[in-house]
2 protein chains.
Amino acid sequence: MATARDQGWLDAVVADRGRLERSSTAQRVADLLRAQILEGALAPGLRLSEEALGSALGVSRNTLREAFRLLVHERLLVHEYSRGVFVRVLTVDDVVDLYQARRLVECAALRYWRSASAAATDAVRRAMVEAEEAAAADRWVDVGTANMRYHQAIAGLVGSARVDAAVAGLLAELRLAFHVMGDPRTFHEPYVAGNRAILDLLTAGRTEEAVGRMERYLLDAEEQLVAAFARLDPSR
Amino acid sequence: MATARDQGWLDAVVADRGRLERSSTAQRVADLLRAQILEGALAPGLRLSEEALGSALGVSRNTLREAFRLLVHERLLVHEYSRGVFVRVLTVDDVVDLYQARRLVECAALRYWRSASAAATDAVRRAMVEAEEAAAADRWVDVGTANMRYHQAIAGLVGSARVDAAVAGLLAELRLAFHVMGDPRTFHEPYVAGNRAILDLLTAGRTEEAVGRMERYLLDAEEQLVAAFARLDPSR
DNA sequence: ATTGAAGGATTGTTCAACGATCCTTAGGGT
DNA sequence: ACCCTAAGGATCGTTGAACAATCCTTCAAT
């Protein structure tokens with residue numbers, strides 16, 4: 001028979017409800033394309049033909065267009081009326097704008113450190129450790145993803161799902177730009193130490209210093225990317 | 001013949017290029033529905049039948065579904081698999097999350113006052129004046145929209161298109177909640193003076209005080225909304 | 001009151017079609 | 001050689017229809 005302890009079973013089931021939600025065909029197609037784009041398999045500027053992709057993936061044009069909408073909204077694709085969709089080509093202006101937004105959000109997020117939950121602060125620490133371990137093992141691609149997770153965790157300090165989603169979008173978009181950097185090591189290595197420096201300042205209660213460090217951190221990264229863009233193609 | 005003064009005509013034309021871009025049928029349908037939702041003509045929770053709406057608007061189901069997708073991404077509609085789309089019903093948690101995000105962005109944006117362009121700071125002042133004039137004329141709905149523009153202009157200080165877009169989304173979503181407030185005057189009136197107070201502090205160079213004022217401003221508004229929600233329906 | 005099954009209504013997905021738009025190419029004029 | 005124009009092909013935008021899958025309602029049975 002029912003007892004007070006039994007009350008919890010429902011919550012336990014509901015906790016994983018996210019997995020239950022059916023994913024539509026369009027959603028799966030979008031997931032596939034997103035992965036391809038983010039790992040650079042689809043070169044920026046490439047036009048994605050509806051008919052070609054539709055028949056290649058075995059989905060109808062309508063469904064494919066639905067997947068396109070998802071990715072256009074994530075800014076990974078751009079849609080030009082009557083011309084089709086293209087893999088996004090980031091310009092220098094985009095990089096500047098993205099870092100402007102990142103500085104705003106991430107620097108402000110640091111000020112939430114003290115009021116953040118233990119889970120949120122732990123996530124920051126874990127991502128940092130992960131990056132350090134990957135660096136020690138020369139796995140520089142993993143360093144890059146751990147770095148992403150670090151910054152995502154910083155945003156998580158705020159405790160707002162919408163802020164999390166916005167930052168996830170910014171970081172995803174930036175991955176389009178990371179492809180122009182040749183060696184992942186030279187790009188990611190300098191920031192592993194920065195991650196720890198910021199975290200140390202935070203735990204020491206020197207929040208404003210951490211903010212300053214984060215700002216310089218992001219300014220450096222921006223400059224590095226802008227320089228790479230200028231070297232690659234001065235026109236854009 | 002051409003003179004130096006004529007050089008500007010091209011820029012003037014290009015400035016309005018936004019209007020030139022053809023809009024798809026789905027885009028126009030989405031614009032129409034968005035306006036209806038934001039002004040409260042479509043009540044939250046209402047289900048939008050594909051067939052009924054499609055024939056009413058004279059567009060096919062496929063096109064209508066594309067319009068739905070746009071609005072789902074803007075969080076004005078929610079989509080439930082095999083059940084259809086519904087006008088978003090905000091919960092108290094949504095309101096809390098939205099204000100958490102607003103505090104992060106808008107408070108941080110104030111610190112960009114000194115480095116902002118003249119156009120950006122002017123926009124803030126103009127929106128404030130507009131709200132004051134509307135209040136003086138007892139046009140409280142206009143006060144509300146001017147208030148929106150004020151906060152949008154605050155975000156504009158950052159000078160990032162992505163930040164602008166994010167804040168526009170937050171404010172649009174919030175308008176879903178504003179409808180639960182009965183009298184627009186009691187909700188908007190207190191903030192007209194707050195707008196000026198913040199601007200005065202900014203122009204006086206007392207940035208951190210302005211940030212504190214903005215934070216209290218937003219906390220007050222959140223509390224007011226949360227109270228209204230609790231009064232309306234304690235369950236959500 | 002809860003469960004189960006039948007039926008109708010709505011959505012999910014695909015397909016085919018046609019007009020509209022874009023890009024390319026060829027041709028004519030200067 | 002260069003520019004403008006026109007024709008053609010390719011692709012997109014939108015529609016309508018069709019069928020399967022899913023949901024909601026109703027009603028009977030336990």
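A residue is counted near a strand if its C-beta atom, placed from the backbone, lies within 6 Å of it. On this criterion, 17 residues surround DNA strand C in the predicted model. The closest are A:S60, A:N62, A:T63, B:E50 and B:G84. Three elements give two or more residues to this surface: α3 (25–38) and α5 (61–73) of chain A, together with α4 (50–57) of chain B. By class, the surface near DNA strand C has ten polar, four charged and three nonpolar residues.

DNA strand D is surrounded by 16 residues. Here the closest are A:G84, B:S24, B:T25, B:N62 and B:T63. Two or more residues each come from α4 (50–57) of chain A and from α3 (25–38) and α5 of chain B. The surface near DNA strand D divides into nine polar, four charged and three nonpolar residues.

B:G84, among the residues closest to DNA strand C, also belongs to a hairpin of chain B. Strand β2 (residues 77–80) of chain B pairs with strand β3 (residues 84–87) of chain B. The sense is antiparallel, and the pairing runs over four bridges. B:G84, in β3(B), is the bridge partner of B:E80. Three residues lie between the strands of this hairpin. B:S82 takes a positive phi there, near 60°.

The two protein chains also touch each other. In this interface, 24 residues of chain B are in contact with 22 residues of chain A. On the side of chain B that touches chain A, α5 (61–73), α6 (92–110) and α9 (161–178) each supply at least two residues. The most comes from α6(B), with eight residues. By class, this side of chain B holds twelve nonpolar, six polar and six charged residues. Of these contributors, α5 of chain B also gives two or more residues to the surface near DNA strand D.

Within chain A, the domain assignment gives domain 1 (8–87) and domain 2 (92–232). Taken over C-alpha atoms, the centres of the two domains of chain A are separated by 26 Å. Contact between them involves six residues of domain 1 and six residues of domain 2. The side of domain 1 of chain A that touches domain 2 of chain A has three nonpolar, two charged and one polar residue.

Terms used. Residues are numbered from 1 along each chain as its sequence is written. Chains are lettered from A and ligands numbered from 1 in the order in which they are written. This is a predicted model: local features need pLDDT of at least 70, side-chain atom pairs count only at pLDDT 80 or more; totals for chains, interfaces and linings use all residues. Two residues are in contact if their C-beta atoms, placed from the backbone, lie within 7 Å. Ala, Val, Leu, Ile, Met, Phe, Trp, Tyr, Cys and Pro count as nonpolar, Asp, Glu, Lys and Arg as charged, and the others, Gly among them, as polar. Two strands pair if DSSP finds at least two bridges between them. Domain bounds come from an automatic or database domain assignment.
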